[in-house]
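Biologist: Please take a close look at one part of this predicted model for me. I would like to follow the sheet and what packs around it.

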Amino acid sequence: MSSEISVKEKLKILKSWFRENPNLPEEIDLTLLKRFLKCMNYDVEETKKLLERNYFLRNKTPQIFIDRNPEDEVTRKSFLNVEMVPLPGLTADNYKVLCFRLINKDAKAQNNIEESKAFFMMTDTRFTFDDVTDNFSVTLPPPPTETANEDAEDIDDDMSKLSNGEIHIVDIANYTLRHIANMSLMVMRAYMNFLQEAYPVRLKAMHIINCPAQVNHMVRITKPFIREEVFNMTHFHTKGLETLYEQVPRDILPLDYGGNARSLAEISSDWWKIINNKKEYLMDPRHWKVTKTEEAPSRWSLW
């Protein structure tokens with residue numbers, strides 16, 4: 001499609017196509033749609049393929065992506081057992097940083113389905129906000145989804161507040177081989193497939209920190225689920241965090257890792273409130289369920 005078409009026109013085309021496509025749900029949040037378009041470098045046809053892949057994989061594993069309720073006690077405990085939150089601010093390259101840390105060391109408390117469900121509720125919530133606003137109130141009402149005025153000339157086409165990609169920091173200090181052995185292969189496959197093939201933001205780097213002595217065994221077990229392209233952007237920090245500071249500014253990092261941001265516990269507590277405030281959106285089938293699903297091409301065939 002011609003690059004001369006404006007972003008506003010591309011968004012209109014995508015919204016109209018989305019509404020008429022039986023392989024997609026009834027509605028999509030405008031900010032989320034903009035993320036898909038930016039992720040695929042503003043190519044409308046490639047954006048369509050990524051959208052179809054996203055919702056195909058969602059509906060293929062509804063127990064993770066659709067059948068969810070942030071007020072469910074088991075889900076809430078999983079979010080508390082594993083802190084998984086976006087950090088404030090952006091890097092110099094305009095990347096958003098997400099941090100993951102296991103809190104509950106008891107492998108028996110591990111629940112892969114609920115942990116994955118909680119993570120994707122967090123990302124689905126975050127994707128409805130821009131990446132610049134960090135100090136929004138936890139009582140902030142959901143943003144408009146551009147339904148009645150979806151064809152209006154004043155459709156919001158500002159892409160400047162969306163990140164250019166994501167950096168993931170994974171703290172594996174409390175993980176043991178028992179945790180790895182207890183992981184559900186089905187859940188791990190669904191999680192990694194979605195993250196690698198259908199996520200509406202490009203993963204730019206993954207930093208594994210506080211690596212235990214058995215990290216090589218952990219890598220050997222999990223590597224079959226990780227595409228070579230993703231593994232090649234993974235960095236293992238085995239001798240402290242100085243090498244992490246070279247790539248992620250301390251202003252973004254939490255106090256827990258020698259940074260200037262709030263502690264992970266504080267950030268996580270706020271984010272769980274934000275997620276609960278988006279309960280209706282997260283549970284609304286009009287935004288997630290499809291009545292007809294056809295296999296969509298893998299994202300890696302598109303990039």
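Modeller: Five strands, in the order E1-E2-E3-E4-E5, form an open sheet with mixed pairing. Its edge strands are E1 (82-86) and E5, each pairing on one side only. From one strand to the next, the twist averages 15°.

Start at the E5 edge. E5 pairs with strand E4 (residues 203-209) in the parallel sense, over 3 bridges. Look for Ile208: its bridge partner in E5 is Phe236.

Now go to the other edge. Helix H6 (residues 112-126) lies across E1, strand E2 (95-102) and strand E3 (165-171). H6 runs at about 15° to E1.

Back to E5, and on to helix H9 (residues 215-222). In H9, Val215, Met218, Val219 and Thr222 are buried. Seen down the axis of H9, these buried residues fall within an arc of 100°, so they line one face of the helix. The spacing fits a general rule: an α-helix has 3.6 residues a turn, so residues three or four places apart point the same way. On the other side of H9, Asn216 and Arg220 are exposed. The buried residues of H9 pack against strand E5 (234-236), and also against helix H7 (177-182), H8 and helix H10 (228-231).

H8 leads to one more contact. The axes of helix H3 (residues 44-60) and helix H8 (residues 185-197) come within 10 Å and cross at roughly 170°. H3 and H8 are therefore roughly antiparallel to each other. H3 brings Leu50, Arg53, Asn54, Leu57 and Arg58 to the contact, and H8 brings Asn193, Phe194 and Glu197. By class, this contact has 3 nonpolar, 2 polar and 3 charged residues.

Definitions and conventions: Residues numbered from 1 in each chain as written. Predicted model: local features only at pLDDT ≥ 70, side-chain atom pairs only at ≥ 80, totals over all residues. Heavy atoms only, no water. Axes fitted to C-alpha atoms, helices over the stretch in contact; angles between N-to-C directions. Helix = DSSP H or I, 4+ residues; strand = E, 2+ residues; numbered from the N terminus. Parallel < 35°, antiparallel > 145°, perpendicular 65-115°, else oblique. Contact = heavy atoms within 4.5 Å. Nonpolar A, V, L, I, M, F, W, Y, C, P; charged D, E, K, R; others polar. Buried < 20%, exposed > 50% of the residue type's maximum accessible area, 1.4 Å probe, protein only. Arc of directions from axis to C-beta. Pairing = 2+ DSSP bridges.
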